Amino acid sequence: YFVTRAIDMLHEAGLIGKDPGVWNPVGGGRQSVAWATDQLRELLDPVIDVAEHRGLAHQVETIVLRDREDKKDLDYADTAETEAMRAQMQTLNDHLTQLDLWREGAKFPIPVARRVFNGDFGRGGRLYCHGSSYQIIPAEERRDLDLVIDGEVHPVVEIDYSNLHAVMAYAEADLPLPPGDQYDIAGFDRGLVKLAVNVLLNAASTQEAVAALTEDLRVNEALREASGLARGYRRECRPLAKEVIGAIEEKHQQISASFGSDCGARFQRQDSEMAIQVMLRMIQRTGRCPLPVHDSFLVADIHRNVLAQTMSEVAAEEGLALCLKESGRSSPLGPLPPPPSLLGGNRP
C-alpha cells in the first residue's frame, strides 16, 4: 500500500513516469516499472550524481535460479558450471560498466547484468539488467541512445537474430527452413504472429497458449489496435487468439510437435549461450562489450559490421540458418543473409 501510494504521488507530481505491471496466472505478465523524469533529475542534480547506481546491493548475484511457478529466487549449490558462468558475467559486467551511454543529452545508467534461469540450469539463462535500464524502453526509443568513444558521440545500432526460436524449432526437428519470414501470415499482424509463436513454444499445451495469448491481447492496447480489436474483452480476444494459433499450426505443421511442448525455455538456454559468446568475442575484437537485449545487441555504429560478422559466426557454429536484422538512426543495413554455408538448410 505505501509503495504504490508513494509511486502514485510521485507520478501525480510529474517526478516519475510509470508503467503498471500485469499479473497473469498462466505466464506472459510483466513487472511494474517506474523511472525518473527530467524534472526529478534536475531537482537532484545539485545534490547527487544522478548517474551513480543507487538502491542496489553492492554485491549482486549474477547467476539467478528462479522457481518455475512463483518466480521466487531459489538457493542452489555452486558447481563448476555455475562458477564458470559467474566468471563470464564478471568479465561482461566489468566491460559494460566502462561504456559511456547517453540518451537525449543525459547519461544513461547501465546496471549489473544477470543470467536468470527458470526452474533449473537447462532452462532460460537470458541476460537481464538488475534495475531500470535500456532493456525496458521501447525498441524505437533505443534508437535515440548514443555511445561516447574517445570523446566522439556515436549513434547506436541494434542487430537481432530474425525468427530465432522458429528457426531453432526447425533445426531441432532436422527439417529445412521454409523460405521467407516465418512470422508472415496473411490476414494477421506480424507482431501478433511473432508473439503467438513464442507463446506456443513456451506453453505446456495449446489450450494454455490460447489462454495466455488471450490475456496478452486483453491488456495490450497497441497489439489490439494492430489486430483490429477495439476493446479488450476476453470474448473478443479469445476467438482471435484461437484463429492466429490455428493459422500458425497450419503454416508450421512440420514442427507441430514443438507447439505446446514447453520447449521455449530450452531454446532460451541455447540463445543465452549464443549471446554470451557474441559478447565475449566482441570484447576481444573491439575492446567493448555490446549491450544485450536477449537475442539482439546494441553497439556503436562503427562496430556494426564486426557485430554482424560475429553474430553470423556464432549462429553458424550452432548450425542455425539465421538472418540478421538491423535498426538504428544511421544508415541501416537492412536484412542480412545467413552465412553462405547455411543457405541450403539449418545445418552445415
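This short presentation covers the overall build of the protein and then one residue, glutamate 158.

Good morning, colleagues. Please keep in mind that the structure before you is a predicted model.

I shall begin with the whole chain. The fold comprises 11 helices and 13 strands. Its radius of gyration is 21 Å, close to the 20 Å that the globule rule gives for 348 residues, so the protein is as compact as a globular protein of that length. Along the principal axes, the C-alpha atoms fill a box of roughly 60 × 50 × 45 Å.

Next, the interior and the surface. Of the 348 residues, 45% are buried. If one takes the contacts between residues at least 6 apart in sequence, 64% of them join residues at least 24 apart. The exposed area is about 17,800 Å², and carbon and sulfur atoms supply 51% of that area. As for charge, there are 37 positive and 52 negative side chains. The centres of these two sets lie 3 Å apart.

I now turn to the single residue. Where is glutamate 158 placed? It belongs to strand β10, which spans residues 152-161. Is this glutamate buried or exposed? Its relative accessible area is 9%, and because buried means under 20%, glutamate 158 counts as buried.

Which side chains does this acidic group meet through polar contacts? One partner is serine 296, whose side chain is joined to that of glutamate 158 by a polar contact of 2.7 Å. Another is arginine 142, with a side-chain polar contact of 3.0 Å.

The wider surroundings include both of these partners. Leaving aside residues up to four places away in sequence, glutamate 158 touches Arg142, Val293, Ser296, Phe297, Leu298, Lys325, Glu326 and Ser327. One further pairing concerns proline 290, which is 132 residues from glutamate 158 in sequence. In space, the C-alpha atoms of proline 290 and glutamate 158 are 9.6 Å apart.

To close, I would ask you to find glutamate 158 in strand β10 and to follow its side chain to serine 296 and to arginine 142. Thank you for your attention.

How values were computed: Residues numbered from 1 in each chain as written. Predicted model: local features only at pLDDT ≥ 70, side-chain atom pairs only at ≥ 80, totals over all residues. Heavy atoms only, no water. Helix = DSSP H or I, 4+ residues; strand = E, 2+ residues; numbered from the N terminus. Rg over C-alpha atoms; globule rule 2.2 N^0.38 Å. Buried < 20%, exposed > 50% of the residue type's maximum accessible area, 1.4 Å probe, protein only. Contact = heavy atoms within 4.5 Å. Areas by Shrake-Rupley, 256 points an atom, 1.4 Å probe, with all protein chains shown as cover. Lys, Arg positive; Asp, Glu negative; His and termini not counted. Charge placed at Lys NZ, Arg CZ, Asp CG, Glu CD. Polar contact = N/O pair within 3.5 Å; in protein donor to acceptor, adjacent residues only side chain to side chain.
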